[in-house]
Amino acid sequence: MNLASPYLIIDMKQETFTYEGDFQLESGEVLPGFQLSYTTQGHLTAAKDNVVWAIHALTGDAQVQDWWSGLVGEDKFYDPTRHFIVCANLLGSCYGSTQPLSENPLSGKPYYYDFPNLTSRDMAAALDLLRIHLGIASINTLIGGSLGGQVGLEWAYLLQEKVKNTIILASNAKATPWIIGFNETQRMAISADQTWGERHEDAGKKGLEAARAIAMLTYRHPENLAEKQADLGESLDDYRASSYLRYQGQKLANRFNAFSYWTLSKAMDSHDLGRKRGGVAVALSQIPSRVLAIGVDKDLLFLKEESQYIANHVPRGTYREIQSAYGHDAFLIEYGQLNYILTSFYLENND
């Protein structure tokens, strides 16, 4: 990757891509057009070889410098003075993209529960339509973690030689029963909310709080909770861990909606790179880009062995590991280790 700095930094641009045609989904359903909110930062080089495309996780957005502040931004590893950085809000998410609370153009009313099922493959296909719209012929680096890693792997398969480096963090090539099970318990929490089934934007909000609390237990490792949320006294109630999970649930419910959470968690469950492609191993063997799979040693949700599997089955794979008691969330936190791993990867490949 070109590490020279020939450009002055420019302000991030947030725009909306509108696709007006019928979008065929993997389920057989059709979405009558859609929108994706996206941001761009920096300038394309004359050779147009400096595109870095980041894909967010379950409840992320297009503001990549906010949730990856130690990795993206001025003087950071991916710097807009050197790279042209693109990040789009995934289809189905509620930060400016088409989602269940969007208006269905066929009815003139919000979709609510009628929003079609999406897969990680559908999300990758939508991103590719945005790429074409932006006139980007090739991507130097495609990078994403968790759900973003699942979508990124699907997109790398679709892009073939159009992507040079694919970086997949704390993710997998196929959703496991363990992940599906945790996601199902969260959707059970949402559906247990007595407002779920009503047609208004706050339906399922209390259930979403419970769902997020469940999810937080998969995002962190027991060592992290023991360190950060242990009670120092001899409490019989009102434990620090309890208040922490309630706070996290309320925090998400105030910025997200249960409909998008349901849709995106279902998409995570659907992930299977090998579906109708001869199986996962065969599909991975057909990804030509250099692939860096990064696992987390204490990740209880996406096990490090799943990242190792990716690296071992693509033709040009590398596995690296983050050591962290943060567990799954380490890919959003351990910037020192990430910078070292990424620097080594590019140096080893003469980028």
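Start by selecting E15 and, across from it in strand β2, Y38. Strands, like helices, are DSSP runs numbered from the N terminus (E for strands, at least two residues; H or I for helices, at least four). Before going on, note that this is a predicted model, in which local features need pLDDT of at least 70 and side-chain atom pairs count only at pLDDT 80 or more, while totals for chains, interfaces and linings use all residues. Residues are numbered from 1 along each chain as its sequence is written, and side-chain values use heavy atoms, with hydrogens and water left out.

**Stop 1: the hairpin**

Now colour residues 13-24, which are strand β1, and residues 30-41, which are strand β2. The two run antiparallel and are joined by ten bridges; strands pair if DSSP finds at least two bridges between them. Select K13 too, and you will find T40 of β2 as its bridge partner. Which residue in the turn has a positive phi? Click on G28: its phi is about 100°, and the turn has five residues between β1 and β2.

**Stop 2: the whole sheet**

Widen your selection to the open sheet of eight strands, ordered β1-β2-β4-β3-β7-β8-β9-β10 with mixed pairing. Why do β1 and β10 each have one side without a neighbour in the sheet? Both stand at the edges with a single partner strand, so one side of each is left free of neighbours there (β10 is 317-322). From one strand to the next, the twist averages 20°.

Next, show helix α3, which packs on the sheet and touches β3 (51-55), β7 (139-145) and β8 (163-169). Touching here is contact, meaning heavy atoms within 4.5 Å. The direction of α3 makes about 150° with that of β7. Such angles run from 0 to 180 degrees between N-to-C directions, and axes are lines fitted to C-alpha atoms, for helices over the stretch in contact. Helix α11 (residues 335-348) also packs on the sheet, touching β7, β8, β9 (290-296) and β10, and its direction makes about 160° with that of β10.

**Stop 3: α2 against α3**

Keep α3 (residues 147-159) and add α2 (residues 120-134): their axes are 8 Å apart, at an angle of about 60°. The two helices are therefore oblique to each other. By the cut-offs, under 35 degrees is roughly parallel, over 145 roughly antiparallel, 65 to 115 roughly perpendicular, and the rest oblique. In the contact, residues of α2 including M123 and L127 meet residues of α3, among them W155 and L158. The contact residues divide into eight nonpolar, one polar and four charged. Ala, Val, Leu, Ile, Met, Phe, Trp, Tyr, Cys and Pro count as nonpolar, Asp, Glu, Lys and Arg as charged, and the others, Gly among them, as polar.

**Stop 4: α4, α8 and a ring pair**

Move to α4 and α8, whose axes come within 10 Å and cross at roughly 160°. That makes α4 roughly antiparallel to α8. Look for I180 and I190 among the α4 residues here, and for Y261 and W262 among those of α8.

Finally, the structure holds 20 aromatic pairs. Rings of Phe, Tyr and Trp (its six-membered ring) pair if their centres lie within 6.5 Å; planes under 30 degrees apart are stacked, over 60 edge-to-face, and the rest tilted. Select W196 and F259: their ring centres are 4.9 Å apart with planes at 40°, so this pair is tilted. The pair links distant parts of the chain, 63 residues apart, with W196 in the loop between α4 (177-192) and α5 and F259 in helix α8 (residues 258-270).
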